[in-house]
Amino acid sequence: MAEAYKRAAEVVVRRIESRELLSIDEFCEAVGVTCDWLSDALTEGRLFAITGPHGRSFFPAFYADARIKRADIEQVARVLSPRDPSSQYGFFTSIRTSLQATPLDALRAGRLDAVMRAAEMHAEGAPPRLLSVVDELAGQSGPLTVPPQHDPSGSFADVLNGATRG
């Protein structure tokens with residue numbers, strides 16, 4: 001189990017370093033939204049966050065893709081909201097057989113209806129939303145909130161160095 005935690009943490013760190021996931025400040029600037037919008041979008045399931053180093057929330061950079069209508073991404077995200085954030089991220093970024101593309105590529109091509117059908121199939125029968133491995137490691141519990149400040153320089157040093165929760 002410890003190895004699974006370590007791998008999950010490493011994947012999140014790589015996505016942050018490659019700017020696939022953005023800090024709160026970076027996301028708000030890239031998308032052109034306020035922290036109030038961000039908080040509302042999280043509450044309504046229009047946006048999801050991945051828990052990163054030190055329990056901080058990181059957000060998918062693809063929301064800032066000018067080739068995709070943000071309202072379309074939000075509509076799909078609502079359908080996926082019963083799934084955990086990692087599953088939602090994976091849905092958007094993995095090739096779906098039914099689409100012959102990733103949902104993001106299909107949205108860029110204006111295929112919202114097909115993506116919605118694929119999202120409904122993905123979300124169908126989803127178990128109740130559980131904390132992800134990274135959420136558990138970060139000690140997250142309860143609804144996501146927007147922290148007042150963000151320090152993107154942190155790392156999963158404790159996880160990567162084998163620390164366990166007590």
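Two residues are in contact when they have heavy atoms within 4.5 Å. Keep that handy for the exercises below, and remember that this is a predicted model.

**Exercise 1. Find the partners of Val76, leaving aside its neighbours within four places in sequence, and place Val76 in the nonpolar core.**

Step 1. Run the contact search from Val76 and skip the neighbours within four places in sequence: you get Phe91, Phe92, Leu112, Val115, Met116 and Ala119.

Step 2. Now look at the core. The largest nonpolar core has 39 residues, and Val76 is among those with the most contacts inside it, along with Phe27, Leu47, Tyr63 and Phe92.

Step 3. Who supplies the largest share of this core? That's helix α7 (residues 112-123), with six residues.

**Exercise 2. Work out which residues of α7 are buried and what they pack against.**

Step 1. Start with the helix itself: α7 has 12 residues and spans 16 Å from its first C-alpha to its last, close to the 16 Å expected at 1.5 Å a residue.

Step 2. Go along α7 with the burial cut-off, under 20% relative accessible area. Leu112, Ala114, Val115, Met116, Ala118, Ala119, His122 and Ala123 come out as buried.

Step 3. Check what sits against them: the buried residues of α7 pack against α4, α5 and α6 (103-108).

**Exercise 3. Classify the ring pair Phe27 and Phe59, then do it again for Phe62 and Phe92.**

Step 1. A pair of aromatic rings is described by the distance of the centres and the angle of the planes. Planes under 30 degrees apart count as stacked, over 60 as edge-to-face and the rest as tilted.

Step 2. Searching the whole structure turns up eight aromatic pairs. In one of them, Phe27 and Phe59 sit 5.3 Å centre to centre with 40° between the planes, making the pair tilted.

Step 3. Place the two rings along the chain. Phe27 belongs to helix α2 (residues 24-31) and Phe59 to strand β3 (residues 57-60), so this pair links distant parts of the chain, 32 residues apart. Phe27 is buried at a relative accessible area of 0%, and Phe59 is buried too, at 1%.

Step 4. For Phe62 and Phe92, the centres are 4.9 Å apart and the planes are at 40°, so this pair is also tilted. Phe62 lies in the loop between β3 and α4 (70-80), while Phe92 is in helix α5 (residues 85-93), 30 residues away. Both Phe62 and Phe92 are buried.

Step 5. Zoom out: Phe27, Phe48, Phe59, Phe62, Tyr63, Tyr89, Phe91 and Phe92 form one aromatic cluster.

**Exercise 4. Decide whether the buried residues of α2 lie on the same side or on opposite sides, and find what covers them.**

Step 1. List the buried residues of α2: Ile24, Phe27, Cys28 and Val31.

Step 2. Take the arc they cover around the axis. It is only 95°, so they lie on the same side of α2.

Step 3. Look for the cover, which includes β1 (21-22), α3 (35-44), β3 and α4.

Step 4. Step past the end of the helix: α2 is followed by Gly32, with a positive phi near 80°.

**Exercise 5. Explain why Cys28 and Cys35 are not bonded.**

Step 1. The rule asks for two cysteine sulfur atoms within 2.5 Å.

Step 2. The closest cysteine sulfur to that of Cys28 is in Cys35, 4.2 Å away, so it is too far for a bond.

Step 3. Compare their surroundings: Cys28 is buried at 10% relative accessible area, whereas Cys35 is partly exposed at 36%.

Step 4. Over the structure, the count comes to zero disulfides.

Definitions and conventions. Residues numbered from 1 in each chain as written. Predicted model: local features only at pLDDT ≥ 70, side-chain atom pairs only at ≥ 80, totals over all residues. Heavy atoms only, no water. Phe/Tyr/Trp six-rings, centres within 6.5 Å; stacked < 30°, edge-to-face > 60°. Helix = DSSP H or I, 4+ residues; strand = E, 2+ residues; numbered from the N terminus. Buried < 20%, exposed > 50% of the residue type's maximum accessible area, 1.4 Å probe, protein only. Arc of directions from axis to C-beta. Core = buried A, V, L, I, M, F, W, Y, C linked by side-chain atoms within 4.5 Å. Expected span 1.5 Å × (residues − 1).
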